[in-house]
Amino acid sequence: MVYYVFILLIGVERLVELVVSRRNARWSFDHGGREFGRGHYPAMVSMHVLLLVSCVVEVATMHRPFIPWLGWPMVALVAASTAVRWWCVATLGKHWNPRLIVIPDAPLVQGGPYRWLHHPNYTAVAVEVAALPLVHSAWLTAIVFSVANAVVLGVRIRSENAALGYA
């Protein structure tokens, strides 16, 4: 039962992200922003929704146990990845968005976690996608969605790099 509440809280956190995203999208478009990669955005959203659903379904139907030596470190990884993701949001400010909106001539952000990585948010997401199901030993979900996330992020990062002029 506690795991289901945990998944629900992650879902609520995602809804908060959508509120921030919509506000930031309006601001970006008002400042000349242009959206790229619209075709893969629905796949990203669907994958994240299905991840949460799959976590619940696998644990409930396959009776996956909470294994403390695995579960607690995975809770820590989910918490750390969420902290890194919100650090990215704070660092990018109004420029943050899960949609790929680029404002022409806006400088690339090089502070916060972007000092070390081009895509720290995606690194955090990859950790979370693997760790969240493993909190309650839903290993099938962890494998399937880690692979799906790698495919989606491959498309996303190529689109983002092209939009930002890296490629």
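Contact means heavy atoms within 4.5 Å. This is a predicted model, in which local features need pLDDT of at least 70, side-chain atom pairs count only at pLDDT 80 or more, and totals for chains, interfaces and linings use all residues. Residues are numbered from 1 along each chain as its sequence is written, and side-chain values use heavy atoms, without hydrogens and water.

**Exercise 1.** Find what L51 touches beyond its neighbours within four places in sequence.

*Solution.*
- Set those neighbours aside; L51 is then in contact with V129, L132, P133, T141 and F145.
- Next, place L51 in the largest nonpolar core, which has 21 residues. Such a core is a set of buried Ala, Val, Leu, Ile, Met, Phe, Trp, Tyr and Cys residues joined through side-chain atoms within 4.5 Å. Buried means under 20% relative accessible area, exposed over 50%, partly exposed in between (1.4 Å probe, protein chains only).
- L51 is among the residues touching the most other members, as are Y3, I7, C55, V78 and L132.
- α2 gives the largest share of this core, 7 residues.

**Exercise 2.** Check the span of α4 against its 15 residues.

*Solution.*
- Helices are DSSP runs (H or I, at least four residues), numbered from the N terminus.
- The expected span is 1.5 Å times one less than the number of residues.
- For α4 that gives 21 Å; the end C-alpha atoms are 22 Å apart, which agrees.

**Exercise 3.** Is H63 buried or exposed?

*Solution.*
- H63 sits in the loop between α2 (41-62) and α3 (68-92).
- Its relative accessibility is 65%, so H63 counts as exposed.
- H63 is not a glycine, yet its phi is positive, near 55°.

Methods:
Helices (H or I, at least four residues) and strands (E, at least two) are DSSP runs, numbered from the N terminus.
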